[in-house]
Each structure stands twice: as C-alpha cells, then as structure tokens.
Amino acid sequence: MRAPEKKRGRKIAASAVSAWLNPLVRLEAQADGTIAACFDDYSVGLGKFSAGAVDRAQALRTGLPLSSFSDHGSATDKEIDLLVHRLARRGLLEYRLAHSHHEKYQVVIEPQLPDYWPRTTKPNDTETIALSRFAYLRRRGNEMVLESPRAGALFRICDPRIASTLAALSTPRKISWLRRQDGFPGAELLTLLLDCEILFKVDAASDDLRAAEGDDNLVMWDFHDLLFHARSTEGRQSNPLGGLYPFAGVISPLPAVRPHWPGKKIDLDAFSTAAAAPNSPFTQLLQERHSTRDFDDAQPITLAELSQFLNRTARVQSNWTSKPDFDDHGPDIEYTTRRYPSGGSSYELELYLAVAQCEGLARGFYHYDAGGHALVAIETRPHELEAMLSTAAFAMGASAAPPILITIAARFGRVSWKYASIAHSLILKDAGVLIQTFYLMATDMGLGGCAIGTSNIDLFAKMTGIEFHVEGPVGQFALGRGSKLEGSE
Ligand SMILES: Cc1cc2nc3c(=O)[nH]c(=O)nc-3n(C[C@H](O)[C@H](O)[C@H](O)COP(=O)(O)O)c2cc1C
C-alpha cells in the first residue's frame, strides 16, 4: 500500500509592517536639519537631524518598512528610529501591513495609545488562540474597523477574508489549524492582534473563555461597560474629544428649556406658600454654589481646610457587614456608611489628589485613605503630575493649574461583582453625587471648586501603576480658594 501523502502547510508570503505619516500631516525640514510635523495651523518640533536622515524621512509619505531601521543600526538608522518614535508618541503615524510583494494592504493600523508600537513576533503553531469577547467589527464611513477597548490600536480591515478568519476564532483554534485554511492572513497579523489583546492565547485545559481572558477584574467587566469607559474618556483612544461642536452649522442646537406639553397648565407659583419665607441655610447654599476656575495663589487653601473638607464629605463614618440579598448562606460582604449616597452602598469611589499648592502640604500626588482619614503619598514622575494639572487647567479654560485636583477613581469590580449590565452607569451616577457634595461643601467652607468632564485614564494608570480596568478615573474636581477677582464679579 502507498503511504498517505504528508499534508504540507500552505505557503503564505510573509507580511511586513511599514510606518506612514498620517495623511493630514506634512514634515517640514529647515536648512539646519530641524524637522517639524505640521497640520492645520499647528506645528510640532521633532528635533535636528542629519541631511541623510531628513532625506530618508521623506519615505514616511509612501511607507517606511519598520525592518529598514533600528536603534542599533547605522547612525542614520538610529536617527530615523528616533524620529519615527517621536512621531509615533505624538500620534502622527499609522502603520500598514502588506504581503511583501503585493501592493494591497491587509490592514491599516491606527494607534490608540501614545505608546503603541507594532510588534510582530513569530507565533508558536501549537498555540491555541481565540477572539477576545471585547473585540468588535463595525463600519466607519465606508471602511470596516476592528476595535477593542483593551487594544492599543485599531485595525482597518482591507481584506474581507480577515473577517472570516476572525469569525472562525470565536471558537479557540490552534494556529496550525488556521494555517491550513483558505485566506489565512499570515502569522504577522495574528501576532499584531495578540499584542493588542484582540486575540488571546487559551490554555488548552480551559473550558471557561471569559475567565481565561484576563484577571478577575477583567472577568467582572461587561462588554458594553468597558467599551463605554475606554471610549468616553481620554488616553486610550484617538477620536476627537470634548466641546468641539461637531454639529454646529449642520443641526440646530436644542433649546435650553424644553417646549411645554400642550396639556392643561397648573401654575405652581400660585401655590408656593414659602415664597415670602426666608431661605433655609441649605437653600442659601444651593443658591451660592457656582463653579470656580480661578484660584487665589497668594492665600492658598491650607492643609487644615483640606482635612476638614475631606472629613466632612468623604470620610468613612462606620463599617458593617451583610449577606447578599436573598441569600443568607452567601459570603459576608463588607460595607461602609459615608456622608453621600452610593448605589447599593458600594462606595467604590476613591480620591486621588494632585496637589500643586496647599499650605502645609508638599506638591505631589496622594491617595485619600477614607477609612483612616489620612493622605498617603504616591511617588510619580514630575512631568506626569504636571500633565495631570495642566490638562485640568486647559479643561477649565483657566490660566493656571488648580491648587488641588481631586481625581475620583472607581474600583470597578466593587460594583460589577453585584450589578449586571448597569454597573458602569451606577458608578458614573455615584461620581455625580459626590461632585455635587464637593461643590456644596466647598461653598459652605468659603472655598471654590469646579467639576471637570474629562479625565485621562492612561495617564492615571501610568501614575498609579494600576491597570485601567482595575481602578481608574470617572470624574475630577478642582479645589482651592477662589481668587478675590472672581468673588467680586
Ligand atoms: C459633569 C460636569 C462636568 C463639567 N466639566 C467641566 C469642565 O470640563 N470644564 C469646566 O470649566 N467646567 C465644567 N463643569 C462646570 C460647568 O460648566 C458648570 O457647572 C456650569 O457651567 C454651570 O455653572 P455653575 O456651576 O457656576 O452654576 C462641569 C460640570 C459638571 C456637572
């Protein structure tokens, strides 16, 4: 009998990644070798380079293979490596993956994190991989994009066969199995997707894909919550963000007050017996509350005032334990009582203070220990503290950083351990409640403050060393003594 023919793996041409300058950006070189990246009315200096490097940098318009330079090659190689990394850190590059001898790209990679760098390593054919439960394909304009809130980059899918490979990976598969399929996209793409956690390696023994994908903190996230968290904050995405008026001139703004319903109207003023009575202290407080964005640097907030502010608003008042609802045999769950309400008494919110100017307290980054009523210093790099404070000043349109910037961070798992589907929305509501508590206490103490609607979750992760899905910012509040000028307005 003839021996069966040995099955051979399909030969797939290797793919290569090249760096491309963002199409909206142009590089301008001066006679002295200084290069700047220019877009709209902005220009970003990238440093001084040799004539050879300036010349080679032009290839970034038509694709510069990443394999063509490195930081341990020739002098020009090193310069190009430096220039490309500087452009990458500023989000001015995209990357394209193509089979070496084909013109057509398989994917275009758009970085979402400033530190993203495409890494292609050789995968092991015996490894089993699966599609992340956080990954999704969607139409953007007339392109198909593959995204995940965990990923450092977004992938524009240029070859529809890649989508069918991804669909096959909803069930864990060995890489050797994938290689034998028509339309196998190549090992390079698999490693890029593994690096971005759009694919993940599965232990052959594991029968619980949700648990296999990450730590317990990740297991507790619902898909829609993690996506919303990463896409509605700064730091892990490159979409335009903030008050940019994207529909001005396209759609009319909605009126400030809703047009009334056509039904019978009951005029409440006619029933208001309290109209003539003096305001209660609380009504007075509500009336006086306003946002303060300019602070008195001659007479800064003191440590004693800060201590009182935190004691009155955020300190733990008492501790207690309880069983889960409807389960007397379940675990004892720890709870606290505090001065503001919290969904399910979760009290998942933590306070981190970036201190620029506070009499009696050194400039720095601190965690407020709400149980012990103490500040604990956290060592951070000075430029990160500066970035956090100056971003807050920018968000307030203020000329200087706030004396104290309170970042309200959530321990997400404290809420999602109990609440399915609504966890993140509860956390954001809790943050709103705490912000109003801060506003009222600042007013009551003769201090001033302002809520800030954006926070950089990547910067916070770098400053604390805590992964973004474990604990992260959901709100910010600037605190200090309002400037005299503001009080007289
Ligand atoms: C959730 C939230 C986010 C806010 N974000 C910002 C912000 O990023 N920058 C800012 O200057 N003010 C911010 N504010 C303050 C509002 O602009 C302010 O409350 C509003 O203009 C009403 O003014 P008042 O607080 O003085 O009454 C925010 C307020 C809230 C409640």
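I took contact to mean heavy atoms within 4.5 Å, and I kept in mind throughout that the model is a predicted one.

**Entry 1, helix 8 against helix 13.** With that cut-off I looked up where these two helices touch, and I found D225, F228 and H229 of helix 8 meeting A423, H424 and L428 of helix 13. I then sorted the residues of this contact by class, which gave 3 nonpolar, 2 polar and 1 charged. For the geometry I noted that helix 8 covers residues 223–231 and helix 13 covers residues 423–444, and that their axes come within 8 Å and cross at roughly 45°. Because of that crossing angle I recorded helix 8 as oblique to helix 13.

**Entry 2, helix 9 against helix 13.** I next turned to helix 9, residues 281–288, whose axis comes within 9 Å of that of helix 13, with a crossing angle of roughly 100°. Angles of 65 to 115 degrees count as roughly perpendicular, and I therefore entered helix 9 and helix 13 as roughly perpendicular to each other. On the helix 9 side I listed F282, L285, L286 and E288, which meet Q436, L440, T443 and D444 on the helix 13 side. By class, I wrote down 4 nonpolar, 2 polar and 2 charged residues for this contact.

**Entry 3, the ligand and its shell.** Which residues are around the ligand? I found R289, H290, S291 and R293, then A395 and M396, then Y439, and finally C450, A451, I452 and G453. Sorted by class, this shell holds 6 nonpolar, 3 polar and 2 charged residues.

I then went through the polar atom pairs, beginning with the side chain of R293, where an N or O atom is 2.7 Å from an oxygen atom of the ligand. For the backbone, I noted an N or O atom of A451 at 3.3 Å from a ligand nitrogen atom, and an N or O atom of G453 at 3.0 Å from a ligand nitrogen atom. As to burial, I recorded that the ligand taken alone exposes 620 Å², of which the protein buries 52%.

Finally I asked which elements give two or more residues to the shell around the ligand. I found helix 11 (382–396) and strand 20 (448–452), and I noted that strand 20 supplies the largest share, 3 residues.

Conventions: Residues are numbered from 1 along each chain as its sequence is written. This is a predicted model: local features need pLDDT of at least 70, side-chain atom pairs count only at pLDDT 80 or more; totals for chains, interfaces and linings use all residues. Side-chain values use heavy atoms; hydrogens and water are left out. A residue is near a molecule or strand if one of its heavy atoms lies within 4 Å of it. A polar contact is a pair of N or O atoms within 3.5 Å; within protein, one must be able to donate a hydrogen and the other to accept it, and residues adjacent in sequence count only if both atoms are side-chain atoms. Accessible areas come from the Shrake-Rupley method with a 1.4 Å probe; for residues, only the protein chains shown count as cover. Helices (H or I, at least four residues) and strands (E, at least two) are DSSP runs, numbered from the N terminus. Ala, Val, Leu, Ile, Met, Phe, Trp, Tyr, Cys and Pro count as nonpolar, Asp, Glu, Lys and Arg as charged, and the others, Gly among them, as polar. Axes are lines fitted to C-alpha atoms, for helices over the stretch in contact, and angles run from 0 to 180 degrees between N-to-C directions. Angles under 35 degrees count as roughly parallel, over 145 as roughly antiparallel, 65 to 115 as roughly perpendicular and the rest as oblique.
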